[in-house]
Amino acid sequence: MHITIWLSIATFVTTLYWPQLLNTNGMLSCALVIFIFLCWPRWRYLTVIPLTALYFSSFVYMTFLGGSVALVNPNSIAQNKYLLNNNNHKSSVNFISDALDVQDNNITVHIKSLINTKNSGYFIARITAFNDQACHYCPLIEMRWFRPSLQVQAGQTHQFKVKLKALQGNANPSGFDRQKWRYSQHIAYIANIKQHLNVLDSQISSRAQLYQKVLQVTDSMSQQGALIALIFADKSLMSVTDKNTIKELGIAHLFAISGLHIGLLFIFSFVIFNSLLKRVLPGRLLGWCSWRLVNGLGFFVCVGYGYISGFSLPTQRALLMLFLGVLMLSSKRKVSLLDLLVLCFWLMLLFDPLAILSSSLWLSFVAMSSILIFMWIMHRTDKVNTQELPWWKILLQNTTTFVKSLILLQLVLTLFMLPIQLVNFSAISFFSLVINLIAIPLFSWFIIPLTLLGSLILVVIEPVGVLLLQFSNYLLDTFLHYASGFTVGYVSLSDLTISLILSTALFILLLLFLFLLTRFFILKKIALNIIVVTFISFIILRMTEFIWDENNTWQVEVFDVGQGLAVLVKSEGEVLLYDTGPSYSSHYAVADSTILPYLNARGIAELDYLFVSHSDNDHAGGVFAIQDKLTIKNTYVGEAALMNSEQRENGSTSRKFKQCLAGQSFNLGKLTLKVLSPSKIGKNNNNNSCVINISDGYNSVLLTGDISKAVEQRLVSKNEASKKSNLKADILIAPHHGSKTSSSLAFIKQVQPKWVVFSAGYKNRWHFPILSVVERYQLLNVGQLTTANTGFIRFNVENQHIDVKTYREDLAAYWYHRHLAF
């Protein structure tokens, strides 16, 4: 049984690296392998491997493809996969996938999200009917409503007319993988609401009623967003500043309702109920029921908290794990703690296989494992006889035990969660251990209980509930005020640094393991020496490879920023960024989640050049975010006067932008940069774009911004008159994202590109790149790449050879980076 569970878990983990899910042939092959293993008694336990693979693929198809009871069966599932892979939507039996090419669809949805004035145009819902056909196996859907005509609320059922599109998130290395995260939350489609048709059920859930009540009474409180996050797991009202503060303090886990929250609440409830029952009902009266009753009461408190927080998937997994832990502990069966943890992890994956895509699974599991280890230790030390000791010694002993346990719990949590934090967040807070020693007891014993109790009492005695929430708000305000000074301990680390830290940690663990083995086996010193030499050689080779790549290759990297542009060029350790992608509010730029995390992962804290083609938001939206986080030696823009004016209005104290003009020349490592346009600044923003040719003497890239055919013609005429090859480039970043106003045939012939890149958003409203433009490049046999399809694109140029890698096909070619409808 142990081997079977371990093999099943290993199979689930491998799904993170599958290039695609099982198709019809794969499912039949699995069925055949299962039959063979069942007929082979000695290897029958291996049946779990194909069985798990088959279960995982079937679960994903059932969750994402959608269908009614009549449509969802093994044959239709297999047919869906075959048809969808061949882009034959019209003949597909899957009615949600059919609707992707239809402009208008009528859907009936049950609202899941809690709605306030700040997020009323964005919420999650579950489809119950699609174009008047009942939907029994439908995924969650992300609803977007521009200028909503009414405010919906959780628990209601509404009918909308929508434009449906498959979920396709920006795909970049190191940045937040939103598509993977949405899949882990069972969200597979996006619906842009065109019209609200009807209200089928206006009754909101009791959870939503409590939410509205808490919103009303906390409206004037400074930490309203934090209080709402702690009660309902809704962070939409938290300010960007507060979110950054809790992240940099290393306490973000205290504001995410998952394993740690549930575990801490259980410990709090257990201590309270245990103390009360010992005083009200002595152990001799309860007998065998005492331990079990306290566990059961604590568990039901956590279930109630789970309901208030919306039974999110991380909460469900944490409750499942807690239930198994409580069941085993209450039964007092002799079971290995390792076996219990492995069983919990396996059942969590069986309950929700898509959880394997979420970092919250690992965070919840590690946190809950730490809590269970803590409970185990506390249970074993709970049998100390203190009846003959004086009261003050008992108090002192209990206090000492509590402090030791608290420190032990925090050390275990920090140690276990450190690798996950490094891998997922590429950062570490040096003060997180000290801060959490204060924050965990403060939150688990005071803030969270007071907040929950206050929100519940609001329904019965409002003044008391308000008073408790105000006290909780005061504690939060005071803590964040004094703790905010410790954010200086937050340090971002590059991928190379993280890999070296984790490799060293693994090496130390291996050495400790070998030293332990020497107590039972005789190991020669030469074996230890070989291991040490191997590790040191690995580090030297890794560093040598990194230095070689830096000195001998130069790279052009195009970010997937949606409808916009951002290009990074690197040579011999020097870096140029051309354009910064769009921003969608004064608080959020795409650069924050794509460009900056990638630069941090590569250890880049300084830009030698920042070029902004022109002032349009899709090219210049992330400028101020970049300036705030990085040191920039030289900044040039196509519209300096306009950008400097915007900078003054923004209140930025950064250095002024310099005007980019034709004739300027710069050096970037071994590369030469030549500015080809603009010669003068006109009224047309697009035609003011800074056009740059970057070359090593053999290969080159042409960055064009949003120039039109008129500018293209001037560049062609100037190039022909001078009889130079300034326009010639192997890599062309398509003018204006592939608009019909650009990419003239004469221009393409002058450039003679081997590759053209269209940086455009998925299903953008301008339909870039335009079909006629695509056909024009096809006519001249130019290789074409579109960021909406490929994600991030990397060109490695070495020894006059260009190697092309894309995120979805090469760098992270996994099934969850391609929607099932493609």
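How many of the five residues of E17 are buried? Five of its five residues are, and the strand is mostly covered. This is a predicted model, with a chain average pLDDT of 83 and 87% of the residues scoring at least 70. The points below cover confidence, strands, the disulfide, the nonpolar cores and the aromatic pairs.

**Confidence**

- Among the elements of the chain, strand E20 (residues 755-758) has the highest mean pLDDT, 98, and helix H4 (residues 74-85) the lowest, 40.
- The pLDDT is below 50 over residues 68-93, a stretch that has 49 contacts in the model beyond near neighbours in sequence.
- Where pLDDT is low, the predicted coordinates should not be read in detail.

**Strand E17 and its partners**

- Val691, Asn693 and Ser695 on one side of E17, and Ile692 and Ile694 on the other, are all buried, leaving both faces covered.
- In a regular strand the side chains alternate between the two faces of the sheet.
- E17 pairs with E16 in the antiparallel sense over five bridges, and Thr672 has Ser695 in E17 as its bridge partner.
- With strand E18 (residues 700-703), E17 pairs over four bridges, again in the antiparallel sense.
- Ser695 has Ser700 in E18 as its bridge partner.
- The hairpin of E17 and E18 has four residues between the strands, and Gly697 there takes a positive phi near 100°.

**Disulfide**

- The structure has one disulfide, joining Cys660 to Cys690 with an S to S distance of 1.8 Å.
- The link of Cys660 and Cys690 is right-handed, with 50° about the S-S bond.
- Cys660 lies in the loop between strand E14 (658-659) and strand E15 (665-668), and Cys690 in the loop between strand E16 (671-677) and strand E17 (691-695), so the disulfide ties together parts that are 30 residues apart in sequence.
- Cys660 is buried, at a relative accessible area of 0%, and Cys690 is buried at 0% as well.
- Cys302 has a relative accessible area of 0% and is buried; Cys344 is also buried, at 0%.

**Eight-stranded sheet**

- An open sheet of eight strands runs in the order E14-E13-E12-E11-E10-E9-E22-E23, with mixed pairing.
- E14 and strand E23 (801-806) stand at the edges with a single partner strand each, so one side of each has no neighbour in the sheet.
- Within this sheet, strand E9 (residues 554-558) and strand E22 (residues 793-798) run antiparallel and are joined by five bridges.
- Val556 stands opposite Phe795 in E22.

**Nonpolar cores**

- The largest nonpolar core has 66 residues, of which Phe123, Ile141, Met143, Phe160 and Trp815 touch the most other members.
- Helix H14 (residues 337-351) gives the largest share of this core, nine residues.
- Another core, of 58 residues, lies apart from it and includes Ala208, Ile251, Leu413 and Leu468.
- Beyond four places in sequence, the contacts of Trp815 include Thr15, Trp18, Pro19, Phe56, Tyr183 and Leu357.
- Ile356 sits in the loop between H14 and helix H15 (359-380) and is buried, at 1% relative accessibility.
- Outside its neighbours within four places in sequence, Ile356 contacts Phe12, Val13, Thr15, Leu16, Phe56, Leu349, Leu361 and Trp362.
- The C-alpha atoms of Ile356 and Thr14 are separated by 9.6 Å, although these residues are 342 residues apart along the chain.

**Aromatic pairs**

- The structure holds 32 aromatic pairs.
- The ring centres of Phe559 and Phe792 are 5.6 Å apart and the planes are at 65°, so this pair is edge-to-face.
- Phe559 lies in the loop between E9 and strand E10 (567-571), and Phe792 in the loop between helix H29 (787-790) and E22, so the pair ties together parts that are 233 residues apart in sequence.
- Phe559 and Phe792 are both buried.
- Tyr584 and Tyr588 form a stacked pair, at 6.5 Å centre to centre with 20° between the planes.
- Tyr584 is exposed, at 57% relative accessibility, whereas Tyr588 is partly exposed, at 33%.
- Ring pairs also link a cluster, among its members Phe12, Tyr17, Trp18, Phe56, Tyr183, Tyr814 and Trp815.

Conventions
Residues are numbered from 1 along each chain as its sequence is written. This is a predicted model: local features need pLDDT of at least 70, side-chain atom pairs count only at pLDDT 80 or more; totals for chains, interfaces and linings use all residues. Side-chain values use heavy atoms; hydrogens and water are left out. A nonpolar core is a set of buried Ala, Val, Leu, Ile, Met, Phe, Trp, Tyr and Cys residues joined through side-chain atoms within 4.5 Å. Buried means under 20% relative accessible area, exposed over 50%, partly exposed in between (1.4 Å probe, protein chains only). Helices (H or I, at least four residues) and strands (E, at least two) are DSSP runs, numbered from the N terminus. Contact means heavy atoms within 4.5 Å. A disulfide is a pair of cysteine sulfur atoms within 2.5 Å. pLDDT is the predictor's confidence in each residue, from 0 to 100. Two strands pair if DSSP finds at least two bridges between them. Rings of Phe, Tyr and Trp (its six-membered ring) pair if their centres lie within 6.5 Å; planes under 30 degrees apart count as stacked, over 60 as edge-to-face and the rest as tilted.
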